[in-house]
Amino acid sequence: MPLSAYADPFARLALANITREYPNFPAHLIGSPGEDRTPRSLHPAFYGAYDWHSSVHMHWLLVRLLRRYGGSPALVETGPFHAALDRHLTPAHLDVEAAYLRARPSFERPYGWAWLLALAAECRAYEGPAGLRWAEALEPAVAAVDDLLAGWLPRATYPVRHGNHPNSAFALGLALDSGVLSAATDRAVRERLLGWFGADHDAPAHWEPSGQDFLSPALSEADAVRRVLPRKEFAVWLDRFLPALGSGAPCALLEVPVVSDHADPQIGHLLGLALSRAAALRNIADALPEGAVRARLAGAAQAHLAAGLPAVERGDFTTDHWLATFATLAIDR
């Protein structure tokens, strides 16, 4: 089913989340006994949706849906969505967010950074004065992330390979997709991805998933390498990295994860794993030539998407504050 079929419910879900301050899980280090800070005072733009990175990517979701479907039959009533974005994405608010990032160089590194770049890209692509206004307001935060990323990459000797927020491959792939990095930082990201992953082989796919993954370490890596290698070279790399795909042998990465408790916040991450795998499998398949491997990955992507989509909106903030963004990555090309 196309993303347009979900535009209205996903937009309403995004709006509800970005304007909901509590419950909140701030990743803020308290520095003194007298410090009493609310989410909104720390993050005037991104105070909602339970945590900072979820707020950022729910803003991304709302801008994308407005850009793609605003004013169409799929998303007719857009006034409340524009009003919320106008309240949040202001120069004053985003100057505070940029200063917070610069003062805390490891805050939301690299996952939240990547989503902020993705949000900026959506705003730049949004035609009309609203998109320009939001994009210009985001520029100091984008510059902060670009500088922080450029400073961190030379020190990042090893990638983080597990299936949660610090995963290096997922974030850097998303950062490259944004197209808003400076030329030097874009080049540094590509070089670091190849340095980390270019020689990898025989990924331990049978170890996946871990009990609280929402990303696949192996598929996130393959999806990132897809972005930096020419198509023919990528196909060779993938056969070396995941040889079971070409041999037709069973592969755990293609099996839909079992989610035993949707309400448990950590086990519930596996719902997101189904959706993030769907996006990665589809992207990797699209980068391969026609044939059995491509067809196998595409079929697995559809199975994962069908399993994950029904969980996107359940009336439980533990999943409602983030799953729709991953569903959109899985559905939208």
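Q: Why is the contact between the side chains of Glu 21 and Arg 40 called a salt bridge?
A: The side chains of Glu 21 and Arg 40 meet at 3.4 Å, N to O, and a salt bridge is defined as a side-chain nitrogen of Lys or Arg within 4 Å of a carboxyl oxygen of Asp or Glu, so the pair is called a salt bridge. Glu 21 lies in the loop between helix H1 (7-18) and helix H2 (39-42), while Arg 40 lies in helix H2, so the salt bridge ties together parts that are 19 residues apart in sequence; helices here are DSSP runs (H or I) of at least four residues, numbered from the N terminus. This is a predicted model, in which local features need pLDDT of at least 70 and side-chain atom pairs count only at pLDDT 80 or more, while totals for chains, interfaces and linings use all residues. Residues are numbered from 1 along each chain as its sequence is written, and side-chain values use heavy atoms, with hydrogens and water left out.

Q: What makes Glu 21 buried?
A: Glu 21 has a relative accessible area of 13%, and buried means under 20%, exposed over 50% and partly exposed in between (1.4 Å probe, protein chains only), so Glu 21 is called buried.

Q: Why is Arg 40 called partly exposed?
A: The relative accessibility of Arg 40 is 41%, a value that falls between the limits for buried and exposed, and therefore Arg 40 counts as partly exposed.

Q: How do you know that Asp 332 and Arg 64 form a salt bridge?
A: Their side chains meet at 3.2 Å, N to O, which is within the limit for a salt bridge, so the pair is given that name. This pair links distant parts of the chain, with Asp 332 in the segment after helix H16 (323-331) and Arg 64 in helix H3 (residues 52-69), 268 residues apart.

Q: Why are Asp 332 and Arg 64 called buried?
A: Asp 332 has a relative accessibility of 7% and Arg 64 has a relative accessible area of 16%; both values are under the limit for buried, so both residues are given that name.

Q: What makes His 59 buried, and which residues does His 59 touch?
A: His 59, in helix H3, has a relative accessible area of 0%, which is under the limit, and therefore His 59 counts as buried. With contact meaning heavy atoms within 4.5 Å, and not counting residues up to four places away in sequence, His 59 touches Ile 18, Ala 45, Phe 46, Leu 85, His 88, Leu 89 and Leu 119.

Notes. Helix = DSSP H or I, 4+ residues; strand = E, 2+ residues; numbered from the N terminus.
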